[in-house]
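Colleague: Got a minute to go through this model with me? I'd like to hear about the pockets and the salt bridges.

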Amino acid sequence: MDSTGRLRCCSMAGTRRLDGKVVLVTGSSSGIGEACVERFAREGAIVAGADLNPPARGLDVPDDVPAVSFSLLDVRDEGATEQLVADILGEHGRIDGVVTAAGVAGGGPAHMVDEQQWDLVLDINLKGTFLTAKHVVTAMLRQAPDGDGQRGSIVTIASVEGLEGTAGGSSYNASKGGVVLLTKNLAIDYGRQGVRANCICPGFIDTPMLRGVFGPGMEETRADIVHEHKLRRLGRPSEIASAALFLLSNDASFVSGAALPVDGGYTAGRDHGVTEMLGL
Ligand SMILES: NC(=O)c1ccc[n+]([C@@H]2O[C@H](COP(=O)([O-])OP(=O)(O)OC[C@H]3O[C@@H](n4cnc5c(N)ncnc54)[C@H](O)[C@@H]3O)[C@@H](O)[C@H]2O)c1
């Protein structure tokens, strides 16, 4: 990080899948967002990271990739979000993609959730995604399309908990279900103008958020959850970054409106142990 708070990093020349693209990542200081910043920078993107908290560490990237900038941002703050997008446009002239990874855990059975807790989760996870998408898409609509008619790609991060219920999920599941449908609507509303919108629905990913949820005393629940993933492990942040990379890249030029589970088979269906019983 240099004296202006900017992180500097780099990557190998050759075929990089986001060469020259300008990409905003919210929630960039930890977990999935941080992995996205690192992967996109390696793939040649100019990355603008934004988070409520500064990055805890330098990025794990070679020294020859484009600059990565960082801004403090509360995704609930519309004025600050609008200003950040304006700053990106001022510096780079366009914005080709966004990944909305800022989010918080939360929830509980409804009768145990107080209004403030509900509002916090919905405000950050759902309204924050809306505000980021709103100002990014506004900028995308003003920029010229590429040769393929594309103006930009929006990637939101929901969850498997936005596709199905989870015990005690309440506000978290409601927020993530909202992100799934918001994203589909973005795909419908802006497809004609060349903006694609897709949602990634991660399974349980080994990040600081998850480690915070499954503290001491939660070992059995954690093991049950690992078992629900048919690959019998938690996901890695880099595996979500790989999916986001695909959705931002031209390889996904005909993909829009998808809610893509990246979940090790978590949502594939129930596993009642029959195949194990049969010796598989
Ligand atoms: N880890 C999982 O198992 C998992 C599974 C499915 C979905 N998700 C989602 O993926 C996203 C990233 O989660 P993660 O596991 O990397 O969590 P994380 O806690 O490691 O990272 C989340 C980041 O969001 C930032 N953030 C929180 N509130 C913010 C705000 N108001 N404004 C700006 N930034 C804010 C935090 O400072 C943090 O850096 C979240 O939306 C989360 O709900 C995570």
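Modeller: Sure, let's take the pockets, then some backbone angles, then the salt bridges. Keep in mind that this is a predicted model.

Colleague: Okay, how much space lies in the largest pocket?

Modeller: About 1,000 Å³. Its lining has 46 residues, and those closest to the centre are Gly103, Val104, Ala105, Tyr172 and Met209.

Colleague: Which helices and strands supply at least two residues of that lining?

Modeller: Helices α1 (31-42), α4 (170-190), α5 (208-213) and α6 (219-228) do, along with strand β2 (46-51).

Colleague: And how do the lining residues divide into nonpolar, polar and charged?

Modeller: There are 24 nonpolar residues, 17 polar ones and five charged ones in the lining of the largest pocket.

Colleague: What volume does the second largest pocket have?

Modeller: About 150 Å³. In its lining, six residues are charged, four are nonpolar and two are polar.

Colleague: Which element gives the most to that lining?

Modeller: That would be α1, with six residues. Helix α7 (237-248) also supplies at least two. Among the lining residues are Glu34, Glu38, Arg42, Arg57 and Asp60.

Colleague: Charged names there! Which residues are linked with Glu34 in a network of salt bridges?

Modeller: Glu38 and Arg57 are linked with Glu34 in that network. Arg42 and Asp60 also meet in a salt bridge, at 3.6 Å from N to O. Arg42 sits in helix α1 and Asp60 in the loop between β2 and β3 (68-72), so this pair ties together parts 18 residues apart in sequence.

Colleague: How many salt bridges does the structure hold?

Modeller: It holds 15. Another one joins the side chains of Asp206 and Arg211, with an N to O distance of 2.9 Å.

Colleague: Changing topic, which residue in helix α4 has a positive phi?

Modeller: Ser170, with a phi of about 30° although it is not a glycine. Ser170 lies in α4 and is partly exposed, at 24% relative accessible area. Most residues other than glycine have a negative phi.

Colleague: Where is Arg232, and what is its phi near?

Modeller: Arg232 is in the loop between α6 and α7, and its phi is near 60°.

Colleague: Which residue forms a salt bridge with Arg232?

Modeller: Glu276 does, with the closest N and O atoms 3.8 Å apart. Since Glu276 lies in helix α8 (residues 274-277) and Arg232 in the loop between α6 and α7, the pair ties together parts 44 residues apart in sequence.

Colleague: Is Glu276 buried, exposed or in between, and what is its relative accessibility?

Modeller: Glu276 counts as partly exposed, at 46%. Arg232 is partly exposed too, with a relative accessible area of 31%.

Definitions and conventions:
Residues are numbered from 1 along each chain as its sequence is written. This is a predicted model: local features need pLDDT of at least 70, side-chain atom pairs count only at pLDDT 80 or more; totals for chains, interfaces and linings use all residues. Side-chain values use heavy atoms; hydrogens and water are left out. On a 1 Å grid over the protein atoms alone, a cavity is a set of points where a 1.4 Å probe fits but cannot get out, and a pocket is an open set with protein on both sides within 12 Å along at least five of seven lines; lining residues have an atom within 4 Å of a point. Grid points are joined across faces, edges and corners, and a volume is the space filled by probe spheres set on the points. Helices (H or I, at least four residues) and strands (E, at least two) are DSSP runs, numbered from the N terminus. Ala, Val, Leu, Ile, Met, Phe, Trp, Tyr, Cys and Pro count as nonpolar, Asp, Glu, Lys and Arg as charged, and the others, Gly among them, as polar. Buried means under 20% relative accessible area, exposed over 50%, partly exposed in between (1.4 Å probe, protein chains only). A salt bridge is a side-chain nitrogen of Lys or Arg within 4 Å of a carboxyl oxygen of Asp or Glu.
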